[in-house]
Amino acid sequence: MASGIVSYGVYIPRYRIRVDEIARVWGDGDEISESLRVFEKSVPDLDEDAVTIAVEAARNALQRCGANPDRIGAIYVGSESHPYAVKPTGTIVGEAICTSSDFTAADFEFACKAGTAAVQACLGLVSSKLIDLGLAIGADVSQGAPGDMLEYTAAAGGAAYLIGREDLAAEIEAFYSFTTDTPDFWRREGMPYPEHGGRFTGEPAYFKHVVSAAKGLMKKIGTTPDDYDYAVFHQPNGKFPVRVAKMLGFSTKQIEAGLVVPMIGNTYSASCLIGLAATLDVAKPGDRIFVTSFGSGAGSDAFSITVKEKIDEIRCAAPSVRDYIGDAEYLDYAMYAKHKGKLKV
Amino acid sequence: MTTHAPRFWRCIPQRYNLKGTHCTSCDEYFFPPRNICPNCRRGAELEEYAFKGTGTIVTYTTIYSATEDFERMTPYNLAIIKLDEGPRVTGQIIHSSEGVKIGMRVRPVFRILGKEGERGIIYYGTKFAPLPKLTLQECKEEKSANGNG
Amino acid sequence: MRSVSIIGIACTKFGERWDVSLRDMIAEAGVMAIEDAKITGDQIEALFVGNMSGGRFVEQEHIGALIADCAGLSRLHIPSTRVEAACASGGLALRQGVLAVASGYHDIVIAAGVEKMTDVSSGTAADALASAADREWECFFGATFPALYAMMAKLHMRRFGTTHDQMAQVAVKNHHHASFNPVAQYHMEVTIEDVDKSPMVADPLHVLDCSPISDGAAAVVLVPTETAKRFADTPIRIVASAQASDTLALHDRRDLTTLDATVHAARQAFAQAKIEPRQVDVAEVHDCFTIAEILAIEDLGFVEKGQGGPATEEGMTALGSLLPINTSGGLKACGHPVGATGIKQAYEIALQLRGEAGRRQVDEAEIGLTHNVGGSGGTALVHILSR
């Protein structure tokens with residue numbers, strides 16, 4: 001029996017900082033934004049965190065389709081910035097969206113692909129009919145150390161997907177994952193900022209896993225890039241997804257709708273999922289979408305998705321990704337540092 | 001360390017989802033929930049009611065000097081909001097390009113209310129944001145009128 | 001019910017009193033009061049003391065027993081009661097003392113008030129004061145005490161055209177009055193410009209719109225009127241004592257620009273005294289913030305609703321004018337050691353009615369009124385005194 005996306009919802013905080021402003025502070029020159037193809041990134045408000053973002057995204061998903069939250073049998077939230085090391089984000093989300101107590105929850109971590117891993121877990125419970133609806137969320141208020149390259153792109157945002165068997169807005173026909181033990185980017189327990197392997201994060205990490213997962217899925221279900229109208233790849237910056245699309249045979253046009261990183265930065269666990277949402281905001285029934293996420297550590301989840309008629313009925317009932325991108329207020333570096341808690345008191 | 005966890009936990013339905021009471025005898029709505037209706041007292045029939053959270057700003061102020069718990073957030077806006085169903089609540093208005101005005105329409109958003117220091121629990125709850133200029137229902141109607149449905 | 005009179009009054013210096021403790025101050029006020037009343041300690045039958053937050057400020061509760069002990073009265077084993085109604089604790093103590101004597105239960109009673117606020121940081125003091133508001137539904141969401149009055153002010157300005165300059169005039173006037181009051185916390189004058197230039201606390205209230213953190217104590221001795229002449233040359237009769245309550249949270253009030261508790265208490269008081277507001281010669285009202293005095297003179301019935309600003313601007317409430325308000329300097333300039341204020345107000349009015357107010361004397365004052373409010377208006381106490 002088919003299963004897939006019943007509804008989706010996103011949330012992007014309204015504050016932004018321009019990449020040029022960060023470069024000004026660290027003396028990294030004017031060309032950084034072009035070389036990364038990221039011009040500005042989202043910054044959480046002083047009273048926002050991965051939990052509040054997850055809740056807003058989940059509320060938008062429910063509002064979009066009008067589903068009864070009592071039907072949700074599982075909530076999995078993926079993040080690398082859960083505010084508690086012990087006490088799950090999922091229970092707070094459940095309470096905030098008025099589920100019953102009849103559900104299971106656990107928090108996920110797999111760097112930037114924790115959200116898509118949560119989708120896979122929900123698909124499993126839903127397709128096996130163990131639950132009616134599952135809620136998979138990717139939400140982050142990711143941190144980059146001051147002066148580090150990651151500071152240019154580490155952003156805040158969230159996306160929530162309601163996974164079910166009926167009234168599908170988009171069917172997920174298949175998925176395939178490719179996972180290895182690759183230490184390209186990590187954060188030790190208790191440390192405030194992550195470490196990364198510089199150029200090691202490229203070919204042996206991002207590209208190897210995205211390409212392997214994408215090729216693996218297309219081989220498994222017998223499709224080629226030409227079978228898809230849209231493609232969404234994990235977006236740590238504006239260059240990698242363009243390059244990997246080309247490597248796999250997808251065109252720049254196919255990835256255009258879902259390429260949001262230049263305007264909002266890398267939202268980590270929400271990255272691919274917000275890109276997918278931006279695509280669903282414009283896709284028509286019958287369109288096919290190819291999605292491949294990447295999480296450092298490392299692994300990629302690839303999905304083949306077909307948009308259904310239902311999307312036209314529900315799309316308008318919650319804000320779109322563009323709505324959130326358009327509502328922006330800019331901060332200077334000092335206010336940004338205050339918002340991100342980089343000023344230790 | 002000291003924690004106020006039970007006191008906060010008891011009010012979670014109110015803080016997250018504005019759950020109050022409605023007296024079916026006199027049809028008045030109350031937030032926070034009341035054990036006893038001030039109009040009907042023991043003659044009341046009280047039922048649980050979840051407020052939509054939309055309302056109108058009655059008055060407000062911008063706080064520049066706050067108690068210790070809120071010092072990092074200043075300046076912030078505090079308002080008394082009349083919920084559409086009747087009762088008034090006190091709440092923060094988040095920063096937005098609309099600012100804050102008497103008579104402004106608002107909707108609920110989920111935010112951090114406070115923390116018990118670095119090691120204690122995080123209090124989540126409801127603040128308020130301006131209602132978007134175009135409501136989503138109007139957007140739907142506009143899109144179908146333009147043939148984008 | 002018997003009529004009650006004041007035969008002795010006392011007030012310590014208000015201010016940042018680093019050198020004295022809560023215990024020191026209450027003993028000081030108590031001794032001054034019984035000396036003024038020309039009685040001895042063993043004549044006192046009961047003590048009532050107003051104290052808002054001994055627990056938060058000096059980690060001390062059981063203030064009733066503490067006061068009796070500090071006053072050297074523990075061996076007399078008299079009843080000693082601490083009452084609390086936030087900033088109206090003093091006014092409430094006065095009322096409890098009045099009821100104890102009026103009922104015939106006691107013949108000589110002390111009503112006192114004390115607060116020691118400077119032993120903690122100003123942040124902790126602000127948080128303790130915030131507990132006069134609704135902790136769960138106002139403070140938890142970030143409301144501070146000034147913010148609540150600021151919201152009342154904003155709406156008052158919108159509805160009635162009250163200006164910030166009119167509010168600032170309250171501060172100017174009260175500082176001027178306080179410059180003649182030896183026990184006041186502040187003796188410096190301020191101008192409207194000074195108020196405008198002081199840092200913003202909660203728009204539209206600046207630092208100089210707000211009463212300060214203070215230490216202080218005050219006490220009065222109460223006896224039945226029929227015996228008062230035995231003790232004092234000029235006993236002051238309490239011709240009305242009224243108290244009213246209202247919702248705790250500002251957002252639950254009927255009208256956000258009116259303190260219904262004040263309106264109700266005032267009506268009852270004027271009815272008890274059988275007089276009209278215009279017959280009052282001098283009044284001490286609750287000016288925790290400048291806007292509060294404007295609201296008070298409206299809600300007490302001295303001016304029409306919405307006219308408090310213009311009346312203040314025109315000087316109606318200044319010394320030498322139609323109805324001098326807060327000749328002590330009010331909470332704003334005399335200081336506001338929370339529990340003590342309500343008793344200090346009675347001290348000031350008694351002084352005025354006795355003709356002993358020196359350079360701030362209101363000529364031929366015969367009838368005076370005190371007005372003490374708790375929180376943003378959850379409690380109000382109105383007393384009317386006459387010569």
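**Exercise 1. Describe how domain 1 of chain A meets domain 2 of chain A.**

*Solution.* The C-alpha centres of domain 1 of chain A and domain 2 of chain A lie 16 Å apart, where the domain bounds come from an automatic or database domain assignment. That assignment gives 4–169 together with 312–339 as domain 1 of chain A, and 172–309 as domain 2 of chain A. Before going on, note that this is a predicted model, in which local features need pLDDT of at least 70 and side-chain atom pairs count only at pLDDT 80 or more, while totals for chains, interfaces and linings use all residues. Residues are numbered from 1 along each chain as its sequence is written, chains are lettered from A and ligands numbered from 1 in the order in which they are written, and side-chain values use heavy atoms, with hydrogens and water left out.

The next step is the area. About 4200 Å² is buried between domain 1 of chain A and domain 2 of chain A, with 62% from carbon and sulfur atoms; buried area is the accessible area (1.4 Å probe) that two parts lose on being put together, summed over both. Of the area that domain 1 of chain A buries against domain 2 of chain A, Cys112(A), Thr116(A) and Gln120(A) supply 14%, more than any other three residues.

The last step is charge. There are 2 salt bridges between domain 1 of chain A and domain 2 of chain A, a salt bridge being a side-chain nitrogen of Lys or Arg within 4 Å of a carboxyl oxygen of Asp or Glu. Arg64(A) forms a salt bridge with Asp281(A), and their closest N and O atoms are 3.8 Å apart.

**Exercise 2. Describe how chain C meets chain B.**

*Solution.* Begin with the residues: 31 residues from chain C and 33 residues from chain B take part in the contact, which means heavy atoms within 4.5 Å. Together, chain C and chain B bury about 2800 Å², and 62% of this is on carbon and sulfur atoms. Within chain C, the residues that lose the most area to chain B are Trp137(C), Phe140(C) and Phe141(C), which together make up 26% of what that side buries.

Then turn to the charged pairs, for which the count between chain C and chain B is 2 salt bridges. The side chain of Glu136(C) meets that of Arg15(B) in a salt bridge, at 2.8 Å from N to O.
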